[in-house]
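Subject: Handover of a structure and its findings

Dear colleague,

Please find below the sequence and the structure that I am handing over to you. A description of what was found follows.

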Amino acid sequence: SSGINAEYGEGFVVRSESAKDLMRDRDTWYGKSHNFWKAVPSTVDGMLGGYEHISHTDLAGSAEFLAKLGPRSDRALDCGAGIGRITKGLLLNTFQEVEMLDTCQEHLDSARGFIGEELFSRVSAQHCIGL
């Protein structure tokens, strides 16, 4: 399988035969991902695969990256949002409004409690869907 990055016009190649097989069937690809994430606890430790202790470092690195891009909008979309670790720790500190997208409704349902009511009021939507 290969594809074109429309923005840059660059091609990419998937060399793994098992990845090619999975990608041919979108339902299988996202079904396996959903099943994996559904079994993960709705906690920061769960979202980071047992590495909760790196959350601050990860958020700091992401903040540096966003700062280099400069302001472009007052809205953000958190893809793979889970419980909202990035939404809470970074995006709501940078943007006025955030939408959350994840394949696991259970994690999205935990976001309000994790983020807190005041900040969560600026989450304009949650979408349970794969990319």
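Which residues line the second largest pocket? Before the reply, please note that this is a predicted model. The lining consists of Ser62, Phe65, Leu66, Ala76, Leu77, Asp78, Ile86, Leu90, Leu91 and Phe95. By type, eight of these residues are nonpolar, one is polar and one is charged. At least two lining residues come from each of helix 4 (55-69), strand 3 and helix 5. The volume of this second pocket is about 180 Å³.

The largest pocket encloses about 310 Å³ of space. It is lined by 19 residues, and those closest to its centre are Cys79, Gly80, Ala81, Gly82 and Asp102. Four elements each provide at least two residues of this lining: helix 2 (26-38), strand 3 (75-79), helix 5 (85-94) and strand 4 (97-102). Helix 2 contributes the most, with three residues. The lining of the largest pocket comprises 10 nonpolar, six polar and three charged residues.

I would next draw your attention to one residue of helix 5, arginine 85. Is arginine 85 buried or exposed? Its relative accessible area is 10%, and a residue counts as buried under 20%, so arginine 85 is buried. The side chain of arginine 85 makes a polar contact of 2.6 Å with the side chain of aspartate 58. When neighbours within four places in sequence are left aside, the residues in contact with arginine 85 are Val44, Leu48, Ser55, Asp58, Leu59 and Phe114.

Finally, there are the nonpolar cores. The largest of them has 15 residues, and Leu91, Met100, Ile115, Phe120 and Val123 have the most contacts inside it. Helix 5, strand 4 and helix 6 (105-115) each supply at least two residues of this core, and helix 5 gives the most, with four. Another core, of five residues, lies apart from the largest one and includes Val44, Met47, Leu48 and Ile83. Two members of this second core, Val44 and Leu48, are also among the residues in contact with arginine 85. Similarly, Leu91 belongs to the largest core and also lines the second largest pocket.

When you view the model, you may wish to begin with helix 5, which supplies lining residues to the largest pocket and to the second largest pocket, and which also contains arginine 85.

Yours sincerely,
A colleague

Terms used: Residues numbered from 1 in each chain as written. Predicted model: local features only at pLDDT ≥ 70, side-chain atom pairs only at ≥ 80, totals over all residues. Heavy atoms only, no water. 1 Å grid on protein atoms, 1.4 Å probe; cavity = no way out; pocket = protein on both sides within 12 Å on 5 of 7 lines; lining within 4 Å. Points joined across faces, edges and corners; volume = space filled by probe spheres on them. Nonpolar A, V, L, I, M, F, W, Y, C, P; charged D, E, K, R; others polar. Buried < 20%, exposed > 50% of the residue type's maximum accessible area, 1.4 Å probe, protein only. Polar contact = N/O pair within 3.5 Å; in protein donor to acceptor, adjacent residues only side chain to side chain. Contact = heavy atoms within 4.5 Å. Core = buried A, V, L, I, M, F, W, Y, C linked by side-chain atoms within 4.5 Å.
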